[in-house]
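Visitor: I would like a close look at one part of this model. Please take me through its interior and what lies around it.

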Amino acid sequence: MLVVKDAMVLINLTKMSLLQQSCASFESVLIPDAVYDEVLKGEERYPHEVQQVRDAIKQKQMRVATIRDKNLIIKANMFNVYRGESAAVALYWQEGADVLATDDDNVRRKRDALKVNVIGTPAIVITLLRNKSIDRNAYMKAVKKLREIGWFSSTVFDKMLMEMDND
């Protein structure tokens, strides 16, 4: 399964120290060069997280790809999707990816119009638990970290906790 990840998912997974496990759960992981550049800009603020991304690339757990057809970015922009998210959507289309990993609400709301199969950080963490890539303790630490990040609703956390009870 080919997945394209955007910057927010990368950073969230690194904050939970789950980037390597998440990359291993997919056959192939791509990030657009615009997303990689976006991640690098945060190096002063998040040096540990940026280093995890660099390490994953160095270890060939994921690779940086270039958008060859810039019209794909323009197409994403027509849906009011910009910056790294537009590059991630464009790369998804270009490569015929199976999944776009994004936590961007705008892209998630427009998934049908964009014709993208979307998953977010919480779904990735749930998959890691289901696949036994992480144990219950690591899962609970990840849920706690996601709460600290503050991006997701309480409904998301309720679903994550229910999933742990089903495991």
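Visitor: Which residues have the most contacts inside the largest nonpolar core, and how many residues does that core have?

Guide: A caution first: the model is predicted. The largest nonpolar core has 36 residues. M62 and Y139 have the most contacts inside it. Take M62. Beyond its neighbours within four places in sequence, M62 is in contact with L10, L19, C23, V29, I31, V53, A56 and I57. A second core, separate from this one, has 20 residues, including L2, V4, A97 and V118.

Now the sheet. Five strands form an open sheet with parallel pairing, in the order β3-β2-β1-β4-β5. Its edge strands are β3 (63-65) and β5 (118-119), and each pairs on one side only. Strand β4 (residues 99-101) runs parallel to β5, joined to it by 2 bridges. There, A101 stands opposite I119 of β5. Helix α6 (residues 83-95) lies across β1 (2-5), β2 (28-32), β3 and β4. Its angle to β2 is about 135 degrees.

Back to two of the contacts of M62, L10 and V53. Both take part in a helix pair: L10 belongs to α1 and V53 to α4. The axes of helix α1 (residues 7-15) and helix α4 (residues 47-58) come within 9 Å and cross at roughly 105 degrees. The two helices are therefore roughly perpendicular. From α1, L10, I11, T14 and K15 meet E49, Q52 and V53 of α4. By class, this contact has 3 nonpolar, 2 polar and 2 charged residues.

Definitions and conventions:
Residues are numbered from 1 along each chain as its sequence is written. This is a predicted model: local features need pLDDT of at least 70, side-chain atom pairs count only at pLDDT 80 or more; totals for chains, interfaces and linings use all residues. Side-chain values use heavy atoms; hydrogens and water are left out. A nonpolar core is a set of buried Ala, Val, Leu, Ile, Met, Phe, Trp, Tyr and Cys residues joined through side-chain atoms within 4.5 Å. Buried means under 20% relative accessible area, exposed over 50%, partly exposed in between (1.4 Å probe, protein chains only). Contact means heavy atoms within 4.5 Å. Two strands pair if DSSP finds at least two bridges between them. Helices (H or I, at least four residues) and strands (E, at least two) are DSSP runs, numbered from the N terminus. Axes are lines fitted to C-alpha atoms, for helices over the stretch in contact, and angles run from 0 to 180 degrees between N-to-C directions. Angles under 35 degrees count as roughly parallel, over 145 as roughly antiparallel, 65 to 115 as roughly perpendicular and the rest as oblique. Ala, Val, Leu, Ile, Met, Phe, Trp, Tyr, Cys and Pro count as nonpolar, Asp, Glu, Lys and Arg as charged, and the others, Gly among them, as polar.
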